[in-house]
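Visitor: Could you take me on a close look at one part of this structure? I'd like to learn what surrounds it.

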Amino acid sequence: MDLIINSLYSDKDIFLRELISNAADACDKKRFLSITEAGEDVSVKPEIKIKPNFDENTITIEDSGVGMTKDELINNLGRIAQSGTRNFLQALGDGSADVTLIGQFGVGFYSAYLVANKVEVVTKSLQDGSSQYRWSSDAGSSYTIENDTSDPIDGSGTRIVLHLKDEASEYLESSKMQELLQRYSEFIEFPISIWKETTEYKKVPDEEANKDLPEGEEPKMKTVPETKEGYERVNNQKPIWLRPPREVEEDEYTDFYKSAFRASYDDPMKWTHFVLEGQVECKALLYIPGMLPFELSKDMFDENARNIRLYVKRVFINDKFEDLMPRWLKFVRGVVDSNDLPLNVSREILQKSKVLSIINKRLVRKSLDMIRDIEQDEDEGQYVMFWNNFGKYLKVGVIEDDANRKEIAPLLRFFSSQSGEEYTSLEKYVEAMPEGQKSIYYVTGDGRENASMSPVIEKLASRGYEVLFATEPLDEIMMESLRNYKDKDVVDAAKENLNLDDSQDEESKKKKEQLREEYKQVAEYLETLLKGKVQKVVISDQLTDSPAALVQGAYGMSPTMQRYMRAQSVASGGNGDLPGMNQAVMEVNPNHPIVRGLDRMIKVDKESTELQDRALLMYDVAAMTSGYEVGDMKSFAARVMGLMDTGVGGISDAEIISESPTPTEREEPKMEAKMEDKKEDTKEDKTTADSTSAEAVTAEVMSDDEKKAS
């Protein structure tokens, strides 16, 4: 028996679910027979009671159901895989009776041996004149049946006594039993009560304090604990998904969500209640939470975040069936109840089948309908809130769900070069496209501000083209999976050889070729200088305001993705070096004065240190504005300081004062300066005329320079 039971069940907690299900079936049979057969005893209403006994190390599960005769004890408990429920349903014939029975395999009872080394069953049948019997077995190959003279069962029913194993003593705790009952049997139709000890506090007169109490004064009170024992019902929640949707009020849906999913402070944003009929019969209730569930805030695919609960005839089966809902809908919560689901014998594992595929498609479709309803809500803030909470999941859906990619795409939201503080959608983007634009463009970056700094936007913006901002590594993968939207290709603007569909006439081609030839030396010089940093240097006409930009080849990774890959490498124990990562391509703007200046300097002296510093500085700035990291910050800082020295006018040779001068030291230079001024006074008169003419010339030159600058 041990071998059979432990091979069927993987979780010991299942024993309570199975025994409660059997008890519920017994109660349902009694309810059915009391309606259809006259004269049956219905004085005791069907219910289920559970009582732990610490002294005897036992758990008693008692139901006031239909009970069993001696022959039924032999057939149902004495033989494995003999299902009394299945036989009962077969005896009913066509199955049109109003009865909902759970059992089907005939092995649920034996799950008791997962936690017990001996099981006793005391039972009395509903049939007239039935005696009370005791069935007993210690999980061996034999059992005994005898007349029972212990506490008589009122009417009919069954009392199961589990003699627990030493390692199963945790099940004596009422809190543990209550947790399992609320998880597995919360929606059983019949009342389930558990014996527990409760402490209440009440006020009583304080005898000590009232000894010397003057007559007429109100007696002083004290609070004392009072311990009570008794049965307490645990399954008060109603399975509203089994009711017709038109009969359920909005408040009931909200209350059920808060109770069933332990979300007291969260009001659901949307829900859908539907019945699937036809090839498969299924009842389901799905919710979109109002806020991101706590368990998903740390890990968006947390395995412990059990969002969809599977029930069969009100009995909880499992909430870990990955094939029931795709993981990109991990945030959707709900219950699914179907009698057609293909379960294994232990009712723990859902087997793959066509039935599962049909239910999966319907759940996905209903979830998308809910999201569309939120999107179309008059209050636009509702969808903004939804996107901020669950937008990442839709992006994963675009990547992983080929069948529903086109359905998800209109629900995506982005910031863009023209949207400001508001989100835009692909639909709005396409509607606003100017004439002549044939693709949807996007750039990657760490955040909206960094993405907006990308030099590759310049040419697109000059044409009035909107550029979407992909601000997360996930966005880049999503865009590559999306590929197109409404016959418009989705294009990364930071890729090499961006084609803006210009009219490629002979004149424009000739002009481009001339520029490449004219600045060939610049490209060659930069390729030599930046060897190991860039793949190549090209002369480009895609830039307007920036001297240079770094772009990736057709199959290269963006800088955002590169940083993500390095972080993943470090997190997995690596050093962050990814030698196979693509190097960028440097695009140079031949119309920019900095590039023209480099061209002149190259023609004068290719070995100049100043030329090298300026070229490296241009590369560093291009790297930063394109989203890359500057590798050698110390050298970069030195080049910037050198440029500042030159701009100020030769302060690079000045000494740095290590300490602040004293007041006396500050006075001495002043006295010396005064003496020098007196000596110079006699010379000033002689040079006034020359000075005046020189100042006039200088003023004229400065005036010309200012005009040029303006």
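**The largest cavity and the sheet beside β15**

Guide: Happily! Start with two strands, β15 (439-444) and β20 (548-551): each of them supplies at least two residues of the lining of the largest cavity. Strands here are DSSP runs of E with at least two residues, helices are runs of H or I with at least four, and both are numbered from the N terminus. Keep in mind that this is a predicted model, in which local features need pLDDT of at least 70 and side-chain atom pairs count only at pLDDT 80 or more, while totals for chains, interfaces and linings use all residues. Residues are numbered from 1 along each chain as its sequence is written, and side-chain values use heavy atoms, with hydrogens and water left out.

Now for the cavity itself. Searching the whole structure turns up three cavities of 30 Å³ or more (a cavity is a set of points, on a 1 Å grid over the protein atoms alone, where a 1.4 Å probe fits but cannot get out). The largest holds about 110 Å³ of space (the volume filled by probe spheres set on the points, which are joined across faces, edges and corners). Its lining has 17 residues, and T444, A494, S558, P559 and S626 lie nearest the centre; a lining residue has an atom within 4 Å of a point. Sorted by class, the lining consists of eight nonpolar, six polar and three charged residues (Ala, Val, Leu, Ile, Met, Phe, Trp, Tyr, Cys and Pro count as nonpolar, Asp, Glu, Lys and Arg as charged, and the others, Gly among them, as polar).

Next, follow β15 away from the cavity. This strand belongs to an open sheet of five strands, ordered β14-β16-β15-β18-β17, with mixed pairing (two strands pair if DSSP finds at least two bridges between them). At the edges stand β14 (415-416) and β17 (484-485); each has a single partner strand, so one side of each has no neighbour in the sheet. The partner you can trace most easily here is β18 (residues 488-492), which runs antiparallel to β17 and is joined to it by two bridges. Look for N484, which stands opposite D489 in β18.

Finally, helix α14 (residues 473-482) packs on this sheet and touches β15, β16 (467-470), β17 and β18, where contact means heavy atoms within 4.5 Å. The helix direction makes about 160 degrees with that of β15 (axes are lines fitted to C-alpha atoms, for helices over the stretch in contact, and angles between N-to-C directions run from 0 to 180 degrees). So our walk ends back at β15, which also helps line the largest cavity.

Definitions and conventions: On a 1 Å grid over the protein atoms alone, a cavity is a set of points where a 1.4 Å probe fits but cannot get out, and a pocket is an open set with protein on both sides within 12 Å along at least five of seven lines; lining residues have an atom within 4 Å of a point.
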